[in-house]
Amino acid sequence: MKQLITFIGFISLVLAGCGSLQNSENSGEASDGNAVATESQFAYITDANVALAEGNRLLDENQTETAIEALKHAVKLNPDLAEAYFKLGIAYSLLDMQMEQAGVVTDEPEANSNSKETRKKTNSEKSFEKAVIAYKKWLDDNPKDDVAFFNLARTYAKLAKDEEAEKAFKEAVKLKPEESEYQIELGSILIKLAQYREAITALKKAIELDESNARAQDLLDEAEAGRQRVDYTPPKNTNQTANKNANSDPDDNSNSNSNSKSNSNTKSKPPDSDTKPKGDDVKKPNIP
């Protein structure tokens, strides 16, 4: 009897456990079957900078999706935290690459007012655009922040806005010319803009500051090659005239000379029709 009671109690505990598990699995759904927003696993963090640091750590450990959650929590705590938006852009870019490698299409076309297909902005692009806004807002109040200018330039580069990136890199270099990384990135963007002479100046300065920087040397070689292409002028062909004379018809001169002689002889001797008949050559009329 005791064994039967014990067995029934055991079955009851198992059924209760299964019920609680089912309830926990369904806790993310409402009664109508729609998903209910779950609280972020980083909700316990109340400092945006702490959430940003956690997101950076997770990115370094290649935990991309979890890093995105931490960074989203950071910008929720501080909507003006530019670096968090920038890192979000990086994380979304990595995630998109992973999905593309897995064969998952992330971009879907949408029709605009002209009925032409356009590509939707990716989460990465949206994050970088928000980073630009946040960095510019910060720089309005902190115009001497070279790091902010440098990061703003990097954000513009991620958005393929090379001219804006150039301006921001130049501001960073102006504020801190002895920073080799600033010079290198400025040189890199100048190469993209085909401004090779300016790029060479920046990259030579970078190598002067850091002689062992292989990337700076590689970029310098690329800039110098670009300058040579732009400055190259083909040599004049001095043999062109000689070849033209050599290829000309030698009979042309002889024909012209013979024609001139013929013309001169014609002028000196009157035509036969102009000579007057003399003596017996004159025909006499018949007189009856």
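Student: What is the sign of phi at Ala194, which follows helix 8?

Tutor: Phi is positive at Ala194, near 60°, directly after helix 8. Helices here are DSSP runs of H or I with at least four residues, numbered from the N terminus. This is a predicted model, in which local features need pLDDT of at least 70 and side-chain atom pairs count only at pLDDT 80 or more, while totals for chains, interfaces and linings use all residues. Residues are numbered from 1 along each chain as its sequence is written, and side-chain values use heavy atoms, with hydrogens and water left out.

Student: How far does helix 8 reach from its first C-alpha to its last?

Tutor: Helix 8, with 13 residues, spans 19 Å between those two atoms, close to the 18 Å expected at 1.5 Å a residue. That expected span is 1.5 Å times one less than the number of residues.

Student: And is helix 8 largely enclosed or open?

Tutor: Ten of its 13 residues are buried, so helix 8 is largely enclosed by the rest of the structure. Buried means under 20% relative accessible area, exposed means over 50%, and partly exposed lies in between, with a 1.4 Å probe and protein chains only. Among the buried residues of helix 8 are Tyr182, Gln183, Ile184, Leu186 and Gly187.

Student: What covers them?

Tutor: The cover over the buried residues of helix 8 includes helix 6, helix 7, helix 9 and helix 10, the last of these running over 214–231.

Student: Take Gln183, then: what does it touch beyond its sequence neighbours?

Tutor: Gln183 belongs to helix 8, residues 180–192, and is buried at a relative accessible area of 6%. Once neighbours within four places in sequence are set aside, its contacts (heavy atoms within 4.5 Å) are Val173, Pro177, Ala202, Leu203, Lys205, Ala206 and Leu209.

Student: Lys205 is on that list; which residue does Lys205 form a salt bridge with?

Tutor: Its partner is Glu178, with the closest N and O atoms 3.7 Å apart. Because Lys205 lies in helix 9 (residues 196–209) and Glu178 in the loop between helix 7 (162–175) and helix 8, the pair ties together parts that are 27 residues apart in sequence. Lys205 is partly exposed at 22% relative accessibility, whereas Glu178 is exposed at 52%. A salt bridge is taken as a side-chain nitrogen of Lys or Arg within 4 Å of a carboxyl oxygen of Asp or Glu.

Student: Which residues are joined into one network by salt bridges that share partners?

Tutor: Glu54, Arg57 and Glu61 are linked in this way. Within that group, the bridge from Arg57 to Glu54 has its closest N and O atoms 2.4 Å apart. Arg57 and Glu54 are three residues apart in helix 2, which means they are separated by about one helical turn. Arg57 counts as partly exposed, at 37% relative accessibility.

Student: How many salt bridges are there in the whole structure?

Tutor: The search finds twelve. One of them joins Lys121 to Glu129, where the closest N and O atoms are 3.0 Å apart. Lys121, at 47% relative accessibility, is partly exposed, and Glu129, at 28%, is also classed as partly exposed.

Student: Switching topic, where is Ala43 found?

Tutor: Ala43 sits in the loop between helix 1 (2–25) and helix 2 (48–60), and counts as partly exposed at 31% relative accessibility.

Student: And how far apart in space are Ala43 and Ala70?

Tutor: Their C-alpha atoms are 9.1 Å apart, although the two residues are separated by 27 residues in sequence.
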